[in-house]
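This report walks through one protein model, from overall build to single residues. Please keep the sequence and the 3D view open while reading.

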Amino acid sequence: MMTPTTRRLFLTTTVATAASYRRILGANDRIRLAGLGCGGRTRHLLSLAAQQGAEVVAACDVYEPRIDLVREKVNPQAAGYVDYRQVLERTDIDAVIIGSPDHWHVPMTIDAIRAGKDVYVEKPVSHNIEEGRRLLEVAKASRQLVQVGYQQRSWEHFQRAREIIASGKLGKITLILASWYQAYTEFDPATPFEAAKIDWKRFLGSAPEQPLSPMRYFRWRWFWDFGGGHLTDLYSHWCDVIHWFMNEDRPTEVQSMGASYAWKFAECPDTISTMWDYGGRFAVTYNGTLHCHLEGGTLIFRGDKAMLRITRDGFAVYPEGVIPRERTQYPEPEIQMRSLEDGTVAHVRNFLESIRSRRPPNAPLEAAVAAADAAHFGNLALRRGKRLRREEV
C-alpha cells in the first residue's frame, strides 16, 4: 500500500513525465510520424494520421518508388530512408507506423521501442510464436505504446456487438464460424518494377538468401519466408475479435487443411479450412479462398438463444425458436446496426490520442500476440499435416 509520501512522489513523477512528453511533442501537441515499409496500407494510415493533425516527416522503404508515393500522397517534404534505423535515430520523431512484410514487424517494433518511439504496427504483430514472446518481454520493460492494426476494436458496431454477447443475449455459444473471401488478382508480369531501385538484401532481412523476385516482393504474404497466408493476413482479424468477444485467447487444439488450387506461384494455400478447439468451451472454424469475393469477411456466433452475424458493414442478431425447424430463411433481426465509417479512421485517431494522453490504445499488444499465436498455431498444423495440441508447439 502507498503511504501519503510515496503517493505524492508517484503523482509528482507522473505529472512531470506527462508534461515533459507534451514538450517533446512540440507546439500544439503536433505528433511527428514516420512510415516504415511504405506500401499501400502504410500510405493509407499515414494519410489518415495527417488528416487528423499529425505531421508525416519521414518515409522508409527498400523500394524507392514507394517513398516517392508518400511524398506525392501525404507530404512532399517527407525525408526518405532505406535503412529504418536511421529514422529511429532522429530525436524529433514521436512515433512510427510499421506496414512492412511480417518478418520485419518484430525487429522494427523492438528497435522502435528501444529508440523511445511509440508504434502502430500492422497485423499480424509477429511472424512466429517465439517472436511474439520476445516482443512482449521488451514492451513490458518499456513505457512506449504499441497499437496493433486490429481496427475492429475501435469500430463502434464491433464494440456494441461485444456488449450484446457479454449480456448473455445469445445464450451458450459453442460454435463460431469465420470466413473470408477475397478475389485477389494474380501477379501481372507487366506491372512496372524497377529492379535497380530496390535493396533486395535489406528486404530479405532474416529470410534465407534467394534471387530477386518481383513476385515475392509484391505478393510476399503468400510466401512462408515473409508472411503466413490466409490465417495471418485475414483470419487473424477475426481471431482477435473472437478472443475479445469471448474473453478467451488460448486454443488448445487445431487442425488445418488447404491447397493452392489456382495460384500455382504461391507457397501458402489459396484455399483453406481450419478448426480450433478452445478447451472444450467452444470451437472456431475458418474457411477462406482467394478466387471470389461475395460476402467478403463474415463472423457468426451461434448461441442456443440467438445468432449474431457481423461483418465490417454492420451486424444483426437473429433469435432462435421463431421460425419452424429446418427452415432456411432467417427470422427478422431483433437487433441490428450498420457501420457509419471505416474503423481504421477511429483506430488511427485512438493511436494519436493515446500518444498524447499516455493511455493504453484500443488494440493492446498482449491481445495481438495471442491472435497472431492462434494463426501461427493453425499454420503449424497445416504444414505438419496433423492435428496439433498446444503442448506440441
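Contact here means heavy atoms within 4.5 Å. The model is predicted: local features need pLDDT of at least 70, side-chain atom pairs count only at pLDDT 80 or more, and totals for chains, interfaces and linings use all residues. Residues are numbered from 1 along each chain as its sequence is written, and side-chain values use heavy atoms, with hydrogens and water left out.

## A first residue

Alanine 346 touches Ser154 and Glu341, residues up to four places away in sequence not being counted. Its place is in helix H11, residues 343-357. Helices (H or I, at least four residues) and strands (E, at least two) are DSSP runs, numbered from the N terminus. Is alanine 346 buried or exposed? It counts as buried because its relative accessibility is 11%. Buried means under 20% relative accessible area, exposed over 50%, and partly exposed in between (1.4 Å probe, protein chains only). Arginine 153 lies 193 residues from alanine 346 along the chain, yet their C-alpha atoms are separated by 9.3 Å.

## Overall build

The protein has twelve helices and 15 strands. Its C-alpha trace spans about 65 × 65 × 40 Å along the principal axes. The radius of gyration is 22 Å, which agrees with the value near 21 Å for a compact globule of 393 residues. That radius is taken over C-alpha atoms, and the globule rule is 2.2 Å times the number of residues to the power 0.38.

Of the 393 residues, 52% are buried. Among contacts with a separation of 6 or more, 68% join residues 24 or more positions apart. The accessible surface comes to about 18,600 Å², and carbon and sulfur atoms hold 50% of it. Accessible areas come from the Shrake-Rupley method with a 1.4 Å probe; for residues, only the protein chains shown count as cover.

Helix H3 (residues 64-73) shows some of this burial: Pro65, Arg66, Ile67 and Val70 are buried. Their cover includes H2, strand S2 (55-60), strand S3 (79-81) and H9.

## Pocket and cavity

Both are found on a 1 Å grid over the protein atoms alone. A cavity is a set of points where a 1.4 Å probe fits but cannot get out; a pocket is an open set with protein on both sides within 12 Å along at least five of seven lines. Lining residues have an atom within 4 Å of a point. Grid points are joined across faces, edges and corners, and a volume is the space filled by probe spheres set on the points.

The largest pocket holds about 1,000 Å³ of space. Its lining counts 47 residues, with Arg41, Gly99, Ser100, Trp220 and Arg221 nearest the centre. Elements giving two or more residues to this lining include helix H2 (40-51), helix H5 (105-114) and helix H10 (229-246). By class, the pocket lining has 18 nonpolar, twelve polar and 17 charged residues. Ala, Val, Leu, Ile, Met, Phe, Trp, Tyr, Cys and Pro count as nonpolar, Asp, Glu, Lys and Arg as charged, and the others, Gly among them, as polar.

How many cavities of 30 Å³ or more are there? The count is one. The largest cavity has a volume of about 40 Å³. Its lining includes Lys123, Pro124, Trp220 and Arg221. Two nonpolar, three polar and four charged residues make up this lining.

Lysine 123 and proline 124 are joined by a cis peptide bond, with omega about -15°. Proline 124 lies in the loop between strand S5 (118-121) and helix H6 (129-140).

## Loop residues

Two residues that are not glycine have a positive phi.

| Residue | Phi | Loop | Relative accessible area |
|---|---|---|---|
| Asparagine 247 | about 55° | between H10 and strand S8 (253-259) | 62%, exposed |
| Glutamate 326 | about 70° | between strand S13 (314-319) and strand S14 (335-338) | 78%, exposed |

Glycine 116 sits in the loop between H5 and S5. It is partly exposed, with a relative accessible area of 33%. Leaving aside neighbours within four places in sequence, glycine 116 is in contact with Asp94 and Gln144. Leucine 88 is 28 residues from glycine 116 in sequence and 8.4 Å away in space, C-alpha to C-alpha.
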